[in-house]
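Open the model in your viewer and keep the selection tool ready. This tour moves from one stop to the next.

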Amino acid sequence: MNDKPSFPADAPLPPDELGHRLTEVFDLVGPLYRRALRKVEQGEAVEGASVGVRSVLDLLRRKGDLTVPQLSRIQALSRQFVQRMVNDAVAHGWVETLPNPAHQRSSLIRITEEGRSLITTVLGREHMLNRQVGGDLSDAEVRACVRVLTEMLRTFDHVDDDD
């Protein structure tokens with residue numbers, strides 16, 4: 001017997017029910033995130049890039065030159081942590097720092113060709129793993145998942161990550 005109230009599938013949920021259902025999502029996202037990180041870290045032995053450096057390289061690949069504060073905000077990570085990841089990437093020749101005409105004290109970070117090649121390799125390996133996801137998922141289901149997670153993330157936009 002199911003004690004949960006039933007709601008039309010395409011109607012917005014009442015706030016209390018939405019809260020309960022989104023708790024189910026959070027309960028899945030945490031373990032998924034940690035397992036995915038461990039899998040990405042296994043590739044560190046091959047490519048040499050940590051999960052943090054991988055994130056910096058991917059952001060620079062997608063968005064172009066950014067400052068450490070911008071990278072920090074986008075990733076919801078502390079500036080200190082992002083600066084360490086940038087320093088590591090600089091030491092490996094995967095990124096370079098450039099003068100920032102808009103702000104003298106905050107350099108621009110640019111991905112190098114070596115960094116672009118590395119992140120392309122890492123993303124290719126990740127893509128092969130993602131291709132193995134089962135469940136016969138449709139485009140509509142994936143779009144709905146992205147929409148839900150985006151709304152959940154937006155709820156926490158005000159949280160300060162750089163205490």
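Does D136 count as buried or exposed? Select D136 and show the surface. D136 counts as exposed, because its relative accessibility is 78%, and the cut-off for exposed is over 50%. Bear in mind that this is a predicted model.

**Stop 1: around D136**

Stay on D136. This residue sits in the loop between α6 (113-130) and α7 (139-155). Now check its backbone. The phi of D136 is positive, at about 45°, although D136 is not a glycine. Most residues other than glycine have a negative phi.

**Stop 2: A76**

Next, select A76. Look for the loop between α4 (68-75) and α5 (79-92), where A76 is found. Here too the residue is not a glycine, yet the phi of A76 is positive, about 60°. How accessible is A76? Its relative accessibility is 38%, so A76 counts as partly exposed.

**Stop 3: H103 and T67**

Move on to H103. It lies in the loop between β1 (95-98) and β2. H103 counts as partly exposed because its relative accessibility is 42%. Add T67 to the selection. H103 and T67 are 36 residues apart along the chain. Draw a distance between their C-alpha atoms: the separation is 9.5 Å.

**Stop 4: the whole chain**

Zoom out and colour by secondary structure. The chain has 7 helices and 2 strands. Which order do they follow? Starting at the N terminus, the elements run α-α-α-α-α-β-β-α-α.

Turn the chain around. Its C-alpha trace spans about 60 × 35 × 25 Å along the principal axes. The radius of gyration is 19 Å, whereas a compact globule of 163 residues would have one near 15 Å. Of the 163 residues, 26% are buried.

Show contacts between residues at least 6 apart in sequence. Of these, 52% join residues at least 24 apart.

**Stop 5: surface and charge**

Bring the surface back for the full chain. About 11800 Å² is exposed, and carbon and sulfur atoms supply 55% of that area. Now select the charged side chains. There are 21 positive and 25 negative ones. The centres of the two sets lie 3 Å apart.

**Stop 6: confidence**

Finish by colouring by pLDDT. The mean for the chain is 89, and 93% of the residues reach 70 or more. Where is confidence lowest, and where is it highest? Select helix α2 (residues 44-47) for the lowest, with a mean of 70. Then select strand β2 (residues 108-111) for the highest, at 98.

Conventions:
Residues numbered from 1 in each chain as written. Predicted model: local features only at pLDDT ≥ 70, side-chain atom pairs only at ≥ 80, totals over all residues. Heavy atoms only, no water. Helix = DSSP H or I, 4+ residues; strand = E, 2+ residues; numbered from the N terminus. Rg over C-alpha atoms; globule rule 2.2 N^0.38 Å. Buried < 20%, exposed > 50% of the residue type's maximum accessible area, 1.4 Å probe, protein only. Contact = heavy atoms within 4.5 Å. Areas by Shrake-Rupley, 256 points an atom, 1.4 Å probe, with all protein chains shown as cover. Lys, Arg positive; Asp, Glu negative; His and termini not counted. Charge placed at Lys NZ, Arg CZ, Asp CG, Glu CD. pLDDT = per-residue confidence, 0-100.
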